[in-house]
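Biologist: I would like to learn how to read a model like this one with care. Could we go through it feature by feature?

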Amino acid sequence: MELKQKQSKNPFKLLRPFDIALWSVSVLVITLSFVFSPRKDPLTLCSSLVGVSSLVFIAKGNIWGQILMIAFALSYGVVSFFFRYWGEMITYLCMSLPAAVFSLVSWIRHPFEQSQQVAVGSLNAKKVTGVALLSAAATAAFYFILRALETPNLLFSTLSVTTSVLAAALSFLRSPFYALAYTGNDLVLIVLWSLAAYADMSYFPMIFCFVMFLFNDINGFVNWRLRLKRQRAALAAQTAATPCETSDPQNS
């Protein structure tokens, strides 16, 4: 059973055949898009492969997902810099990167019992209000910043900031809804990089990168919802057995 897996130095033991198949298809699609791209940018390919790999482990609630997300934020920020997508660059280097670091710390501090997986968190009115206010403030501020920087495709660049902030905050809070926020971000980025590829075909692989991100984030949401049910069932069983000794890590 998934919850019974003990700590291991090999995170790949968490992956099931479906996870491996999804990752393999994602890598294949991204690599083929790079091979058939008229102009090849190795950094774009590497960034895409690291990003899609991070999502596989994030979907499993494993800390390696956040470690790889840190590497992705760095490389993706550089790729965005070269196309002058200032919103993407600033968002990933100044927000997504620190958020991944904080999320990594949060996930390390909140494992579910002795498993390799993070304890799924719960949302309340206070947390939802905080996330909403943070996202609104970031959206308003970045709209004017990006407009001043003459960022291409301003509307979609601003929407990307909104969805990125939502996703980062929910990931830190260990909420399954982080994946829905990233799904929205994927849709925005598919549009953004389609427009970029129209101007420069070397960015063509980034479209397929975020198409595969979309499928991985949907899978992540399903995984986290199922994990939440399993963890609640396990905690309920423990509470029934030892009502005075069991605490709920979700609200720690």
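Modeller: Let us begin with a term that we shall need for arginine 174: helices here are DSSP runs of H or I with at least four residues, numbered from the N terminus. Just after H6, arginine 174 takes a positive phi of about 60°. Please keep in mind throughout that this is a predicted model.

Biologist: What is the general expectation for phi, against which such a value should be read?

Modeller: Most residues other than glycine have a negative phi. Two further cases belong to the loop between H5 and H6, where glutamate 150 and asparagine 153 are both placed. Glutamate 150, although not a glycine, has a positive phi of about 55°, and asparagine 153 likewise has a positive phi, near 55°.

Biologist: Is glutamate 150 buried or exposed, and what is the relative accessible area of asparagine 153?

Modeller: Glutamate 150 is exposed, because its relative accessible area of 62% lies over the cut-off of 50%. Asparagine 153 has a relative accessible area of 29% and is therefore partly exposed.

Biologist: Where does the predictor's confidence stand, and how should I treat the parts in which it is low?

Modeller: Where pLDDT is low, the predicted coordinates should not be read in detail. The protein chain has a mean pLDDT of 84, with 90% of its residues at 70 or more. Confidence is highest in H5, at a mean of 92, and lowest in H4, at 84. Residues 1–8 are a case for caution, since their pLDDT stays under 50, and the model has 23 contacts for them beyond four places in sequence.

Biologist: How does one describe two helices that pack together?

Modeller: Two packed helices are described by the angle between their axes and the distance between the axes. Take helix H3, residues 63–83, and helix H4, residues 86–109, whose axes cross at roughly 170° and come within 8 Å. H3 is therefore roughly antiparallel to H4. The residues of this contact of H3 with H4 comprise 19 nonpolar, five polar and one charged.

Biologist: At what angle do H4 and H6 pack, and which residues of the two helices meet?

Modeller: H4 and H6 pack at about 10°, with their axes 9 Å apart, and are therefore roughly parallel to each other. From H4 the meeting residues include Thr91, Met95, Ser96 and Ala99, while from H6 they include Ser160, Ser164 and Ala168. Sorted by class, the contact of H4 with H6 has nine nonpolar, eight polar and one charged residues.

Biologist: Could we look at one residue of that contact in detail, namely serine 96, and ask what it is in contact with?

Modeller: Serine 96 is found in helix H4 and is buried, because its relative accessible area is 10%. Leaving aside neighbours within four places in sequence, serine 96 is in contact with Ala73, Thr91 and Ser164.

Biologist: How many residues of H6 are buried, and what length does H6 reach?

Modeller: H6 is mostly covered, with 14 of its 19 residues buried. From its first C-alpha to its last, H6 reaches 27 Å, close to the 27 Å expected at 1.5 Å a residue.

Biologist: And for a contrast in H5, is alanine 140 buried, partly exposed or exposed?

Modeller: Alanine 140, which is found in helix H5, is partly exposed, because its relative accessible area is 41%. Alanine 140 and asparagine 216 are 76 residues apart in sequence, and their C-alpha atoms are 29 Å apart in space.

How values were computed
Residues numbered from 1 in each chain as written. Predicted model: local features only at pLDDT ≥ 70, side-chain atom pairs only at ≥ 80, totals over all residues. Heavy atoms only, no water. Buried < 20%, exposed > 50% of the residue type's maximum accessible area, 1.4 Å probe, protein only. Axes fitted to C-alpha atoms, helices over the stretch in contact; angles between N-to-C directions. Parallel < 35°, antiparallel > 145°, perpendicular 65-115°, else oblique. Nonpolar A, V, L, I, M, F, W, Y, C, P; charged D, E, K, R; others polar. Expected span 1.5 Å × (residues − 1). pLDDT = per-residue confidence, 0-100. Contact = heavy atoms within 4.5 Å.
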